[in-house]
Amino acid sequence: MESQVRGGTRWKRFAVVMVPSVAAAACVGVGLAQGALAASFSVSGQEFKVSAGHLHGDGFAQYGGIDSGYTSTDGKTKTVRPVAISSFDTAQITKMCQSVKTEIPLIGKTIYLRLDAGPDDKHKVEAEKLYIDVAQLDADATFKNIDIGVAIKDKTKGPAVKDGENVLPGGFAQQAESADLYGVEQTAWATTAGTFKLSGLKMRLGTDSKMECF
């Protein structure tokens, strides 16, 4: 499953497993639920899917955290969810797709919103200070100069932990000089970026389930 490749580490069908930090960071969720801690923003009650042909990121870090948000689209009840936060100083993405499924009770239909961007190597999606709060990720991945097991507060790669982000300072993290992910399929609760350039952006609404990214 793991081999050294040109000074890096290649993981075939890399799946995010952040058990040490996510399980421990669940304790942070107690404080959030009781209002003792501040969240950066309230996350919606809908997770969304993102796929990409290739994501190249410089300055990569990943660690566990907690998102505070709603349990459903009615916005009546809040909850906390453990997430794996993937962050990049800069990222370039080709063949990016983002889709979200929404049930509309009033009309008895399911609506899909889909965004496509970065159609080729000449028209990539570009982001700076990118953070993705991930629930699940599958990809073929290669990391250059990776450190596994560094404490979150002492990581030296990737953007700084955001103000209001709920993490354990001494918790488990991993970091790398760069990361290349191919055939990305992930579900996420939130994405934030300092800048986000979507070349060749296309947005569509429809009722066909085939509109989902995967």
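**Figure 1. The structure holds two cavities of 30 Å³ or more.** The model shown here and in the other views is predicted. The largest cavity has a volume of about 190 Å³. Its lining is made up of 19 residues. Val50, Leu55, Ile93, Ile132 and Gln186 lie nearest the centre of the largest cavity.

**Figure 2. Strands β3, β4, β5, β7 and β8 each give two or more residues to the lining of the largest cavity.** Strand β4 covers residues 78–94. Strand β3 provides the largest share of this lining, with five residues.

**Figure 3. Strands β3 and β8 pair in the antiparallel sense.** Strand β3 spans residues 48–70, and strand β8 spans residues 172–192. The pairing runs over 14 bridges. Asp58 stands opposite Ser178 of β8. Both β3 and β8 also appear among the strands that line the largest cavity with two or more residues.

**Figure 4. Strand β7 runs antiparallel to β8.** Strand β7 takes in residues 125–151. It is joined to β8 by 17 bridges. Val134 stands opposite Ala188 of β8. Strand β8 thus has two partners in these views: β3, through 14 bridges, and β7, through 17 bridges.

**Figure 5. Cys97 and Cys213 form a disulfide.** A search of the whole structure finds one such link. The two sulfur atoms are 2.0 Å apart. The link of Cys97 and Cys213 is left-handed, with -85° about the S-S bond. Cys97 lies in strand β5 (residues 96–104), while Cys213 lies in the segment after β10 (202–206), so the disulfide ties together parts that are 116 residues apart in sequence.

**Figure 6. Both cysteines of the disulfide are buried.** Cys97 has a relative accessible area of 3%. Cys213 has a relative accessibility of 16%. Cys213 counts as buried because the cut-off is under 20% relative accessible area.

**Figure 7. The protein contains one helix and 10 strands.** Along the sequence, the pattern is β-β-α-β-β-β-β-β-β-β-β. The protein has 214 residues, of which 44% count as buried. Among contacts with a separation of 6 or more, 80% are made by residues 24 or more positions apart. The accessible surface comes to about 11,000 Å². Carbon and sulfur atoms account for 53% of that surface.

How values were computed. Residues numbered from 1 in each chain as written. Predicted model: local features only at pLDDT ≥ 70, side-chain atom pairs only at ≥ 80, totals over all residues. Heavy atoms only, no water. Helix = DSSP H or I, 4+ residues; strand = E, 2+ residues; numbered from the N terminus. Buried < 20%, exposed > 50% of the residue type's maximum accessible area, 1.4 Å probe, protein only. Contact = heavy atoms within 4.5 Å. Areas by Shrake-Rupley, 256 points an atom, 1.4 Å probe, with all protein chains shown as cover. Disulfide = S-S within 2.5 Å. Pairing = 2+ DSSP bridges. 1 Å grid on protein atoms, 1.4 Å probe; cavity = no way out; pocket = protein on both sides within 12 Å on 5 of 7 lines; lining within 4 Å. Points joined across faces, edges and corners; volume = space filled by probe spheres on them.
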